[in-house]
Number of protein chains: 2
Amino acid sequence: MAKEKESESKSERILNAAEELFARHGYDGVTMRQIASRAEVDVALANYHFGKKEELFHAVFNRRAEILSATRRKVLMESQKQAGKGKQSLEQIIEAFLLPLKIAQESQEPGWRNYMALLAYVLTSPVWNEVLMPTVFDKRVEEFIDALKSALPDAREEDIHWCYHYVSGALALTLAQTGRIDRLTGGQCKSTDFDTAYNLMIPFVAAGFREVCKPKKKRK
Amino acid sequence: MAKEKESESKSERILNAAEELFARHGYDGVTMRQIASRAEVDVALANYHFGKKEELFHAVFNRRAEILSATRRKVLMESQKQAGKGKQSLEQIIEAFLLPLKIAQESQEPGWRNYMALLAYVLTSPVWNEVLMPTVFDKRVEEFIDALKSALPDAREEDIHWCYHYVSGALALTLAQTGRIDRLTGGQCKSTDFDTAYNLMIPFVAAGFREVCKPKKKRK
DNA sequence: CACTATATTCAACAAGCGTTGAATATACAA
DNA sequence: TTGTATATTCAACGCTTGTTGAATATAGTG
C-alpha cells in the first residue's frame with residue numbers, strides 16, 4: 001500500500017492532504033495533526049515547510065490558483081483572437097469563465113476536484129473571500145467583465161455585475177460538490193458530473209444575461 | 001447601553017449571538033466562550049439550555065428554518081390559487097422560491113440577515129448540507145420542482161434539476177453577503193441590497209429556464 | 001413563610017490545540 | 001572521509017477547547 005504516496009515528496013503530500021481536508025471541513029474544521037496524519041508525516045513538518053497554519057492554507061490555495069488564473073487568461077485571449085474583428089459571442093466568453101469545471105472534468109487528478117471544493121469554500125466565505133480572492137483572481141474578473149461589456153454594449157454596468165454575481169454563485173455551488181442534487185434526484189443527477197453542469201450552464205446564463213441586459217423601454 | 005439586550009431572554013440572546021457568529025465563521029470557527037461572551041452570559045448556560053455545541057447549532061438553524069419553510073409553502077399555494085386554472089408563470093414560481101431574499105429585505109431585524117448568511121453556509125457546506133437541509137427544506141423543494149414541471153411540460157426532468165441547482169447557487173452566494181460584489185464594483189453594487197438582487201434574479205433565471213428547457217430539435 | 005422547580009453561576013476537568021527548540025537523520029559538496 | 005545545509009523526528013510547552021457537577025440565585029406555588 002501507499003504506492004502513490006512514495007512518488008510524491010513529503011511537502012507535496014502535506015499540501016494534498018491539507019487541500020482535501022480544508023475543502024471538506026473548512027479552515028477551522030481541520031487540525032494540523034489531522035493533516036499530518038493523512039499525509040503520513042510528523043506534525044512538526046508542516047510548520048517547518050510552510051510556517052503557521054494560516055500560511056499553509058494560503059500555500060494550498062495559491063498553488064493551483066496561479067495555474068488556474070494563467071489558463072483563464074490564455075483561454076480568454078485565444079477566444080478573442082479567434083473571434084477576430086467580429087464580436088465574441090456571449091457563449092464564448094462564458095465558456096472561458098467556466099474553465100474550472102472543464103479542468104476538473106478533464107484532469108482525473110482528485111487533487112483538482114478537491115481544489116474546486118476549496119475554491120467554493122473561499123468564494124462563499126465572508127472571511128476568506130476578502131483575503132484570498134483579490135490577490136489572484138480579481139484581474140481575471142475585470143477582464144471578463146470587460147469582455148461582457150463589449151458583447152453587451154447597451155447594458156447597464158450594474159446589471160452586468162449582478163449577472164456576473166449570479167454566474168459566480170451557480171459556479172460556486174457546482175464546485176462545492178455538496179451532493180445535494182444527487183439526493184434530490186435520487187442519483188439521477190450527480191454533483192461530480194462537471195461535464196453536464198458545464199454544458200447546461202452555458203446556455204442558462206447566456207440567456208439570463210441577454211434578458212437582463214437587453215435594451216429596456218423605460219425604467220423609473 | 002445594552003438596552004435591547006434586556007428585552008430578550010438569555011436563551012434568545014444565546015441563539016442570536018450564535019447565529020451571528022456561526023454565520024460569519026462557520027461551525028468550527030466559533031467557540032462556546034465567544035458565543036457566551038457576545039450574549040453577555042455565562043459559558044455554561046448555553047449547554048444548560050441547548051445541550052452540546054452541535055445541538056445548539058441545530059437549534060439556531062431550525063428556529064428560522066421552520067418559519068421560512070412554512071411561509072414558502074403558503075406563498076406557493078397562494079400563487080397557485082391566484083393563477084387559477086391557467087398555468088402559473090415561471091416568474092411567479094421563481095418569486096416564491098426567492099422568498100428568503102424578500103424576507104431579509106423587508107424585515108429590518110439583523111437576525112434575519114445573519115440567518116441568511118448561515119443558510120448560505122449550510123447550503124454550500126458538503127458536511128452540513130447533508131445533515132440539515134433534508135429535514136426541513138426538502139419537501140418545499142419537491143413542491144417547487146413539481147410547479148416548475150407544470151410550467152415547463154416539455155422539459156427533461158434532469159434539465160429542470162440542473163437549472164434549479166443554478167438558481168440555488170445564485171441564491172446562496174447572494175445570501176452569503178461576502179461583500180465581493182461591493183469590492184469588484186467599488187461600492188456601486190452592494191451585497192446587502194437584496195432588493196436589487198431579487199428584482200434582477202427573477203428575469204435572469206426565468207430566461208435561463210426557458211432556454212435550457214425549450215423543446216430541442218435533436219440530442220444525441 | 002416553606003417547598004420546589006427552574007435558571008444561572010462558578011470552578012475545574014481531561015483532551016486537544018498550534019507551535020517550538022533541540023536532537024537526529026539524510027543528502028550532497030569538498 | 002569530513003563538513004554543512006537541509007529535512008525530519010521527538011518531546012514538550014502553554015493555552016484553549018467543550019463539557020460537567022456542585023453551588024447558588026430566582027421565581028412561582030402551596
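Six nonpolar, three polar and six charged residues: that is the make-up, by class, of the surface near DNA strand C. Keep in mind that this is a predicted model.

Which residues come nearest to the strand? Of the 15 around DNA strand C, they are Thr31(A), Met32(A), Arg33(A), Lys53(A) and His49(B). On the DNA side, look at the atoms within 4 Å of the protein. Sugar and phosphate make up 56% of those strand C atoms.

Now the secondary structure. Three helices each give at least two residues to the surface near DNA strand C: α3 (32-39) of chain A, α4 (43-50) of chain A, and α4 (43-50) of chain B. Which element has the largest share? α4(B) does, with four residues.

Next, the phosphates. Start with chain A. A polar backbone atom of Met32(A) sits 2.9 Å from a phosphate oxygen of strand C. For Lys53(A), again a polar backbone atom, the distance to a phosphate oxygen of the strand is 2.8 Å. Over to chain B. Lys10(B) uses its side chain: a polar atom there is 3.2 Å from a phosphate oxygen of DNA strand C.

Last, the two protein chains. How does chain B map onto chain A? Turn by 180 degrees, shift by 0.0 Å along the axis, and chain B lies on chain A with an RMSD of 0.0 Å. The two copies are therefore related as by a two-fold rotation axis.

And the interface? 100% of the interface residues of chain B are interface residues in chain A as well, so the copies meet through the same surface.

Note on methods: Residues numbered from 1 in each chain as written. Chains lettered and ligands numbered in written order. Predicted model: local features only at pLDDT ≥ 70, side-chain atom pairs only at ≥ 80, totals over all residues. Heavy atoms only, no water. Least-squares fit on C-alpha atoms with pLDDT ≥ 70 in both. Contact = heavy atoms within 4.5 Å. Near = heavy atom within 4 Å. Polar contact = N/O pair within 3.5 Å; in protein donor to acceptor, adjacent residues only side chain to side chain. Nonpolar A, V, L, I, M, F, W, Y, C, P; charged D, E, K, R; others polar.
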